[in-house]
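The following exercises are to be worked with the sequence and the model side by side. Each task is followed by a solution in steps.

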Amino acid sequence: MIKYSYITCKEALSYSRLLGLDYSLNPYFGCEHGCIYCYSPSVFRNEKIARNWGNFVKAKINIVDVLSKQLKKIPKGVVGISTVTDPYQPLEAKLQLTRKCIEVLSANNFPISIQTKSDLVLRDKDLIKPERFDIGVTIITLDNDLSKKLGSKTYSPESLIQVLEEFSDKGVDTWIFLGPIIPEVNDDEENISKLVDIAKRTKSEIIYDKLNLKPWILDSMEKFLENERFGLKDRLPFLITKNSEYWRTFRARIEALCLREGVQCKPAFP
Ligand code: SF4
């Protein structure tokens with residue numbers, strides 16, 4: 001049962017150090033998608049928040065007004081929506097905070113980069129223009145059952161492919177965030193080559209990333225690993241270090257495949 005509430009914020013935009021972004025905008029605190037591998041809660045360095053992630057969503061109810069005022073004081077730059085939540089929470093269907101923020105940013109000519117796991121973004125197709133937007137969807141597997149076990153209670157891979165198709169047809173730059181790659185879970189040949197095919201068809205770039213074992217993530221994944229991949233939990237930390245043989249091999253494999261298929265591809269953290 002998700003607990004919803006309202007909060008207020010003092011700032012709408014934060015400076016971002018993520019690649020390609022100048023600012024981040026997170027209209028919600030918490031995330032109903034509840035992916036078991038999510039490392040957003042580690043940003044807050046709070047165990048209680050981390051252990052409760054996926055069970056609460058707090059809407060920043062004054063964010064649109066705060067944003068309007070803040071935009072008068074800062075230089076133009078790319079705004080990432082969102083970086084520690086999904087901007088298209090189920091609650092967004094009713095509150096439209098993300099939509100209203102996009103309206104304000106567009107009126108002030110700020111470039112916008114959206115990343116989501118929800119096809120609710122299609123609702124805002126009228127606002128999302130090729131000249132000022134790019135759209136990324138996170139797809140880590142095309143297997144619906146596996147996707148659900150990893151925590152995606154609120155979306156399906158098929159609906160995200162539709163998002164790519166519709167925005168690509170409209171001329172908007174699109175990308176697939178293929179992350180996290182979890183060894184022996186979603187790194188199989190079939191999954192990766194199907195995703196590369198989808199990227200090719202929709203002229204999308206692939207940005208890939210490995211599992212990031214921030215504090216509490218192994219705990220959050222424990223039940224899944226015990227039930228579905230017995231024995232993997234102990235090996236995971238060694239498999240996914242930045243310079244592990246596993247990761248070097250995976251990188252070489254996906255980059256060769258993308259090169260062969262003419263798909264642009266890069267790691268999220270080079
Ligand atoms: S959608 Fe993103 S922010 Fe939300 S739980 Fe999943 S990984 Fe975390």
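**Exercise 1. Describe the lining of the second largest pocket.**

Solution. The second largest pocket is lined by 18 residues, and Ile36, Ala50, Arg51, Trp53 and Ser220 are those nearest its centre. A pocket is an open set of points on a 1 Å grid over the protein atoms alone, where a 1.4 Å probe fits, with protein on both sides within 12 Å along at least five of seven lines; a lining residue has an atom within 4 Å of a point. The model is predicted: local features need pLDDT of at least 70 and side-chain atom pairs count only at pLDDT 80 or more, whereas totals for chains, interfaces and linings use all residues. Residues are numbered from 1 along each chain as its sequence is written, and side-chain values use heavy atoms, with hydrogens and water left out.

Next, consider the volume. It is about 310 Å³ for the second largest pocket, where volume is the space filled by probe spheres set on the grid points, joined across faces, edges and corners.

Then turn to the helices. Helix H1 (47-52) and helix H8 (217-228) each supply at least two lining residues, and H8 gives the most, with three residues. Helices (H or I, at least four residues) and strands (E, at least two) are DSSP runs numbered from the N terminus.

**Exercise 2. Which residue shares a salt bridge with arginine 51, and where do the two lie?**

Solution. The partner of arginine 51 is glutamate 47, at 2.7 Å from N to O. A salt bridge requires a side-chain nitrogen of Lys or Arg within 4 Å of a carboxyl oxygen of Asp or Glu. Both residues belong to helix H1 and are four residues apart, about one turn of the helix.

For accessibility, buried means under 20% relative accessible area, exposed over 50%, and partly exposed in between (1.4 Å probe, protein chains only). Arginine 51 has 47% relative accessibility and so counts as partly exposed; glutamate 47, at 39%, also counts as partly exposed.

**Exercise 3. Examine further salt bridges of the structure, which holds 17.**

Solution. Begin with arginine 201 and glutamate 165, whose side chains meet in a salt bridge of 2.5 Å, N to O. This pair links distant parts of the chain, since arginine 201 is in helix H7 (residues 189-201) and glutamate 165 is in helix H6 (residues 157-169), 36 residues apart.

Continue with aspartate 124 and arginine 123, which form a salt bridge of 2.8 Å, N to O. Aspartate 124 counts as buried because its relative accessibility is 0%, while arginine 123, at 25%, counts as partly exposed.

Finally, place this pair in its setting: Glu92, Arg99, Glu103, Arg123, Asp124 and Asp126 are linked in a network of salt bridges.

**Exercise 4. Is lysine 117 buried or exposed, and which side chain of opposite charge is nearest?**

Solution. First locate lysine 117: it lies in the loop between strand S7 (112-116) and strand S8 (133-138). Lysine 117 is buried and has no salt bridge; aspartate 86, the nearest side chain of opposite charge, is 6.7 Å away. Lys and Arg count as positive and Asp and Glu as negative, with His and the chain ends not counted.

Then look for a polar partner. The side chains of lysine 117 and tyrosine 37 are joined by a polar contact of 2.9 Å. A polar contact is a pair of N or O atoms within 3.5 Å; within protein, one must be able to donate a hydrogen and the other to accept it, and residues adjacent in sequence count only if both atoms are side-chain atoms.

**Exercise 5. Find two cis peptide bonds and two positive phi values.**

Solution. The bond from isoleucine 81 to serine 82 is cis, with omega near 0°; serine 82 is in the loop between S6 and helix H3 (92-95). The bond from glycine 179 to proline 180 is also cis, with omega near 5°, and proline 180 is in strand S9 (residues 173-181).

For phi, arginine 45 has a positive value near 50° although the residue is not glycine. Arginine 45 counts as exposed because its relative accessibility is 75%. Tryptophan 216, likewise other than glycine, has a phi near 80° and lies in the loop between strand S10 (205-210) and H8.
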